[in-house]
Structure formats: C-alpha cells, structure tokens
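Thank you all for coming. Please have a look at the chain on the screen, and then I will walk you through what the coordinates show.

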Amino acid sequence: MATRSDKALETQLRVVEKETAAPPVRFALTAVLTHMHSGPGGRRRGGKELVRLLKVARGTAAEVGEWRVVRLLQDSLDHAEGRILRPDLDELYRVYRDGARKVRNRDFVASSLRGMHEWLVAVSEAYLRDHPGASAQDVLAHFKAQRADTGFLRAPDDRPGRYVIPRGTSEISLWLERLLRSDRIGIEDPATRARRLATSPEALALLAADHDGRLILQAAELQRRTAGLRALRAVVDDAAATEADLQRALQGNHWIFGGRYVGEAARRRLVPGDEVDIPLIRADGALHIVELKRAMGLKRPLIRRHRNAWVPADAVHEAVGQAVNYLVGLDENRARIREEFGIETRRAGALVLLGHPALHAEVPEEEVAETLRTFNAHVTRVEVLTYKELLDNAERSLAGDFDPA
C-alpha cells in the first residue's frame with residue numbers, strides 16, 4: 001500500500017519532539033516534518049523519502065540512547081507503512097490526548113468482534129449442513145481458504161453499504177503471480193500485477209486490451225486443466241467407473257496425453273465397423289488413437305508371474321491386439337480417410353490405457369511400471385500405460401508449464 005502521511009502521524013511526531021532532549025534527534029525530526037509539508041497545494045507528502053527520514057530519526061535516537069523516542073518513532077514508521085492503523089495510535093498509544101480512551105473506538109472493536117463471531121457461526125453451520133461428515137480440520141481448512149480471499153474484498157458500486165468477498169480470487173491471483181514470476185516473463189512487481197488482474201471486473205476486456213491479458217488466458221487454462229485432472233483422478237479411483245465414464249472425463253483434455261498432440265479429431269468412426277475411443281491429432285498431422293479399458297474397475301490382472309519374471313497378462317495382450325486391429329484398418333483405408341477427412345493415418349500410432357498399480361497390492365508399483373515399459377520397448381506403434389502413470393505424467397507437465405522455474 002502507499003505510504004501513509006496524515007494528521008495522526010504528524011501529531012505523533014510533534015509529541016516525539018517534546019520527548020527528545022537531543023539536538024540531533026530534533027534536527028532529524030525537523031527534516032521529517034519539512035518533507036511531510038512539501039507536497040503540492042499544502043498536501044502532506046509521503047513516499048519512500050518519508051520512510052527513509054523516519055528511519056534516520058529512529059537511528060539517531062538510538063545513537064544517543066533515547067529508547068522511548070526510538071519506540072515512538074518505530075510506531076510512527078509502522079503507521080506510515082500501514083502496520084499500525086490510526087485507531088491504534090488513538091487507543092494503544094494515546095500520544096496526543098490526555099490518556100482518556102475513546103468510547104467510540106471501544107464500541108467499534110466490540111461490534112466488529114460480535115459481527116465476526118456471528119459470521120463465523122453462520123458460515124460454520126452452512127458448511128456443516130453441506131458437509132455433515134466434516135471434521136474440525138475440514139472446517140479449519142474451509143476458513144483458511146476464505147481468509148485468503150478477504151484480501152480481495154470489494155465494494156460494488158451498485159450495492160451501497162455492501163461488501164463482497166469473491167470466493168476463489170486468491171487462488172486465481174496466486175496462479176497469476178506464479179506466471180508473472182516465471183523467468184520467461186519480465187514483470188517488476190508480480191504480486192501487485194497479479195492482484196490487479198485477478199480483481200479487475202473488466203477481465204474479459206483485458207484479454208484483448210491489456211498487454212498482460214494473455215496471462216489471464218494462461219491462468220484460466222491452468223484452472224481448467226487442474227479441474228480436469230482432478231475430475232479424471234476421481235473417475236480413475238472409482239472401481240465402479242466404466243470405460244464410458246473414463247472417456248467422458250478425458251474428452252476435451254488432450255493436453256493430458258502430452259505436448260505431441262494438438263487436438264482431437266471430430267470423428268471417431270473413420271473405418272466401417274470400428275469406432276476409436278479418443279482420436280488424437282499429432283503436431284505432424286498424423287492420427288494417434290487411444291484405446292480405453294477400465295482403471296480400478298479392471299477385473300483381470302495387468303501382469304502375471306512367468307518363471308522368474310513379471311510379464312504382461314492376457315488383459316494387456318488383448319487390448320494391444322484390439323489396438324493393432326484398428327491400426328490395420330486405418331492403414332487399409334488410408335487414401336479414403338485422407339480424402340474424406342483430411343487425416344493422415346500412414347504413421348498412426350496407438351495408446352492403450354488400462355488398469356492401475358493399486359490392483360496389484362502385492363507387487364511394488366515400480367515392478368508394474370517396469371514390466372509395461374519393457375513390453376513397450378518390444379512393440380511398434382502401440383504403447384501401454386496405466387492410468388496412474390498417465391496422471392502422474394500430466395501433473396508433472398502441468399507443473400513444468402505453469403510454475404516458475
């Protein structure tokens with residue numbers, strides 16, 4: 001916030017003048033007051049120079065051993081920099097009156113506390129109604145999230161006397177700040193800029209007009225991807241989720257599969273009799289199909305023991321065989337597909353998603369992943385991944401794309 005230079009500060013400094021007996025301190029205080037009265041039109045001047053002069057005066061008082069003056073000047077400095085509010089100078093320090101406490105301030109504090117406690121009770125009751133099984137830690141986490149949003153309190157012009165705390169604004173601001181702090185973007189004050197963008201009611205206009213508007217788009221994309229990843233993880237962890245459920249959670253989120261893909265094809269049925277689950281388009285224009293099987297709901301094992309090693313089980317081989325059949329059909333119909341749909345299938349590949357390491361509680365997760373990696377190394381055009389590995393890769397990609405280096 002801007003440096004505060006007001007009547008309360010000046011009055012405080014006049015009292016400090018009376019407290020000191022050291023000429024160097026008086027000289028330093030005169031310099032502070034002279035600066036304060038140097039503003040245009042008789043207005044008080046603040047700024048970094050005021051802070052610097054107050055620090056000089058405080059240091060001078062310390063050099064001559066006037067520790068009460070040091071304390072008062074520290075209070076003055078805290079007030080100028082916003083750490084002590086005017087009511088604090090009135091009530092806690094009472095340096096410019098006869099020591100009588102202000103009943104108005106006392107009543108204000110009392111009413112504020114009463115209002116705060118009423119709000120706490122009301123919000124707690126509402127949260128517990130919506131979350132009947134919530135623990136005390138859940139309620140505290142809820143309030144911590146709301147506390148972060150209080151810094152973005154607004155006073156809408158169309159609702160006089162009303163104040164609004166927009167939920168989730170602090171989270172958006174944090175994402176923006178992370179983007180602005182990236183070494184790819186040169187912004188001198190990322191926290192302030194992030195706050196301005198996050199609270200702007202004209203955010204949509206900023207997308208086109210503000211030179212940092214593209215950052216809002218990046219933050220919105222981060223929010224969308226984070227939400228999509230969270231939703232997909234919930235479906236993956238659900239043992240009752242079907243292949244159709246997984247397909248719905250994945251559609252529209254082609255970024256999860258990595259940066260090689262620029263989008264999804266509009267048509268899933270390119271070959272008569274075959275309908276692929278997710279048709280991805282690589283950056284080179286070629287098709288890459290995704291074959292989905294169940295995740296935690298997979299009824300058969302992913303791997304099995306053969307002699308002294310783990311090898312892919314029948315569920316993997318059957319899924320790979322199905323993907324290979326799709327690729328054969330695409331190869332055989334390459335010319336027609338290219339002519340009708342403009343999609344190149346000559347270099348098409350396939351990804352098979354199935355299962356989860358948690359299905360093999362008795363086998364270390366690394367063993368499951370290593371078994372499938374070894375299998376992939378000996379298969380051309382088809383790759384097999386568990387849903388957990390897909391999710392872990394996507395989370396690492398998300399962090400690398402948006403978090404500062």
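What you see here is an open sheet of 5 strands, running in the order β1-β2-β3-β6-β7 with mixed pairing, where two strands pair if DSSP finds at least two bridges between them, and where helices (H or I, at least four residues) and strands (E, at least two) are DSSP runs numbered from the N terminus. Because β1 (261–264) and β7 stand at the edges with a single partner strand each, one side of each is left without a neighbour in the sheet. From one strand to the next, the twist averages 30°, with axes taken as lines fitted to C-alpha atoms, for helices over the stretch in contact, and angles running from 0 to 180 degrees between N-to-C directions.

Before going further, I should say that this is a predicted model, in which local features need pLDDT of at least 70 and side-chain atom pairs count only at pLDDT 80 or more, while totals for chains, interfaces and linings use all residues. Residues are numbered from 1 along each chain as its sequence is written, and side-chain values use heavy atoms, with hydrogens and water left out.

Within the sheet, strand β3 (residues 286–292) pairs with strand β6 (residues 344–353) in the parallel sense over 6 bridges, and glutamate 291 has valine 352 in β6 as its bridge partner. Helix α12 (residues 243–250) packs on the sheet, where it touches β1, β2 (278–282), β3 and β6, and its direction makes about 140° with that of β3; contact here means heavy atoms within 4.5 Å.

Turning to the hairpin, strand β4 (residues 303–306) and strand β5 (residues 309–312) pair in the antiparallel sense over 4 bridges, with histidine 306 opposite alanine 309. There are 2 residues between β4 and β5, and arginine 307 in the turn has a positive phi of about 60°.

How far does the predictor trust all this? The protein averages a pLDDT of 78, and 72% of the residues score at least 70, pLDDT being the predictor's confidence in each residue, from 0 to 100. Confidence is lowest in helix α10 (residues 203–209), at a mean of 46, and highest in strand β7 (residues 382–385), at 94. Over residues 95–99 the pLDDT is below 50, and this stretch has 11 contacts in the model beyond near neighbours in sequence. Residues 183–188 also have a pLDDT below 50, with 8 such contacts.
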